[in-house]
Amino acid sequence: MTGSIDEALVDPVGLIVRLVATVEHGLDAARIHEVVVDVAGGRAKRRRLARILSDCPQVLTTGGPPVAWSVGQLLRGLRAAGATSIAAPRCGECGRPLTYMISRRGYLLCSRCRDTAQTCAACGDQRRVSTRDRHGQPRCEQCPDDQGDPMVLLAEAVTVISPGLDPADVRAALGRATVRPAGQRRLAWAIVNQPSLLTGAGSDAPTPAVLRFIDELLAAGASNIARPSCPHCGRTVALSKLLDGQRICRTCFAHHRAVPCAGCGAVREPATRDADGRPLCPNCLSNDPINLEDCRGCGRRRRVAARTADGPWCDHCRPRTAATCGICGICGRSTLCEISAATGEPWCDRCQSWWARCSGCHTIASIRGGTRKAPLCAKCLNPDPGFWERCPVCKTTWQTSAHRPCHRCTLAQRADEVFAGPDGFVRYELAPLHAALIGIDRPVTAVAWLSRPVVTGLLKEIAADQRAVTHDVLDELAAGKTLDHLRAVLVAGGMLPDRDERLVKLERWTARIVASRGDHDERAMLHRYAVWHHLRRLRQRVGAGRATHLQMAKVRSHITAAVNFLDWLASRSLTLTTCTQPDLDQWKAREDLSYRDQTGHFIRWATKNRLAKGLTFGAERWQGPVGPHDSEGRWDDARRLLHDATLTTADRVAGLLLLFYAQRLSTISALTVDQVSEANGRVAIRLGTAPTVLPEPLAALVLDLIATRRPFTVIGHTDQTPWLFPGQRPGQHVSAARLGQRLINVGIQPGQARSTALFALAEEVPAAILARMLGIHIQVAVQWQKASAGDWAAYAADVSRRVPENR
């Protein structure tokens, strides 16, 4: 039974089709599926029907009794489709097959069992009710109401209020408002008894047909007829709900029924109740994993945003009507849009989730109108408080709907779920992270981050630990991108001290490699080479900065080369001490040779430190750049970056610094705003020891990048960043690999472009100035000058002969 119930929740249609197919062999599964989808309706009705059939499958062949309305619809639908083994629905009282269905007391009844005898208001006998009089009392067939024809009296009452209306139009409006004669008489008597229902008191109507009748009269051109307003809010809208004997609007009815949701805490009208009877709001109901379905568009199991005849659709893939497609009123893109309830203009999905600094009040908020250059929040777009709804939780956030909490309240609720302990309180050590998270400028970003199961699982694991959050505690957790991102968040927010994560990972990797050596002498030698030679030199070179990816890769390759060579020696029962030059030459002759230059470095280091004897391994000097230099292509790329406004400013500036000043990608990515200065109308950037004045329009592009760069949202930190090229990880710059990929995407090959630029600069600028301007080593500058055949031997004498300008 448990399996059937679970299947009824997960795949109700499939369960119904399978149960029907076991007893009906005249219809194939596809035809049965069509009937079930057509009859079963929405998700709740399908699950209810699946549970009924799984509990009592014999109802398909017996027809009951008793049977619910949904079962009767399914039985009649299958029989209409040609089923021969499916029984017709039966009356829940007498068991007769039903030709048409009437539902009373929760199951189907025939007309004879439904029409029970009542006391006639005129004769007092127990008889079948034929009609009801103007006071709603039952009358038998022999005692009709003789107080006048209600249809005639209705026409007279309406024409008194609206003299210009023809009685035929009144009868036609009555026929459109309600079809059944009993309903027409009930409506007529209600208006005859209380004509004020037509002039504004429609909220007191005893039947909803009165409201439909008012609409039909107005459509027919009646005068002096007024639509009723909601007695609670005073708005003239559809009054679809009944509360305390009055017709009220749907919104007021929802406010009346609103209670705190057991899932998210939002005060909303419950959509359902859980197994313990606690209320759940529509959002929690839709987000329940059991209610997720496979999207018809992307195939992923997601929340259902719309249903069509083809199946369920998620919010991203849901079909949109042609009326909502066009040019977004905020960003101007021609894409799929919806009509904004705030402006009445189309706006795209990207603008609907856009948070930015409002151009009116200068606060970071959800953007509701304006343009990309001048965005506006809700208050600045329309300052009328009556136009907006309020968040049902905080009562302060202005939004177009009061049915769901704002992003900040949703973030606070989810953060409490993650960080709160068994007692419902946030531990003292986690209070700074909790406060920083709920105080983020863009809560929509944090809500999306917390919605990932990997993130919530990691945070709950940290919350369960009773120790303070430190680097050592985080190091004990499973490594991954989520942990790295969280660590960056904590460091950027000042909750953890900064440290070089690349260097830490390299140190741990080196320690594992060294510890894996079984021989004590090899382990000691490898420790000297890896830790005291490479890591020590790397720390000295990095200083107070950070190690780059290329520096890490270089150290790892050298250590890996040493390990591979030691393994090769061990496979031949040799050690580095017993290895001879013929053995080394035999290694050099291998076809699968790898890390040749790195292994040579290890051999030379071992020989120098007297760990090996009689081994020589020549080093190759750099003989100049390899590959063609396309100077014309370099200038073509530079002109394109200078004038192509379709490219992003960050890509244009990075590419021009590469093409004009031959900067490494690691250097460009780590540039800060402090390295750019503006004085006397000139913009300079410090790439080496001396600042370099930037020409126009590159100078304007750099200033524009400083003003418009958008850092990744940092929890517990301002949205300011020192980096000229902010990265996706909070508080860090873009990686050199990512920047290189972006340049490749715009048609620039970083390696060839830098080589060409450096070759051209070495021809025109002396090595000393080149090293000082570009920040490269003087020996590198000299080597490039020689490679480019640049001759600056007479440069010093030429400078000495210059006449100073102030003489």
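F565 and W568 are both buried. That is a good place to start a tour of the aromatic contacts in this predicted model. The two rings sit with their centres 6.1 Å apart and their planes at 20 degrees, and since planes under 30 degrees apart count as stacked, the pair is stacked. Along the chain, F565 and W568 are 3 residues apart in helix α24 (residues 549-571), so about one helical turn separates them.

Now for F602 and W605. Their ring centres are 6.2 Å apart with the planes at 20 degrees, so this pair is stacked too. Helix α26 (residues 596-608) holds both F602 and W605, again 3 residues apart, or about one turn of the helix. Are F602 and W605 buried or exposed? Both F602 and W605 are buried.

Here are the two stacked pairs in one place:

| Pair | Distance between ring centres | Angle between planes |
|---|---|---|
| F565 and W568 | 6.1 Å | 20 degrees |
| F602 and W605 | 6.2 Å | 20 degrees |

How many aromatic pairs does a search of the whole structure find? It turns up 7, counted over the whole structure. Which residues do ring pairs link into a cluster with F565 and W568? W587 and F617 join them there.

Charged side chains come into the picture as well. K588 lies over the face of F617, at 4.1 Å from the ring centre, and F617 is one of the cluster residues just mentioned. Another charge-over-ring contact involves R372, which lies over the face of W354 at 3.9 Å from the ring centre.

Terms used:
Residues numbered from 1 in each chain as written. Predicted model: local features only at pLDDT ≥ 70, side-chain atom pairs only at ≥ 80, totals over all residues. Heavy atoms only, no water. Phe/Tyr/Trp six-rings, centres within 6.5 Å; stacked < 30°, edge-to-face > 60°. Helix = DSSP H or I, 4+ residues; strand = E, 2+ residues; numbered from the N terminus. Buried < 20%, exposed > 50% of the residue type's maximum accessible area, 1.4 Å probe, protein only. Lys NZ or Arg CZ within 6 Å of the ring centre and 35° of its normal.
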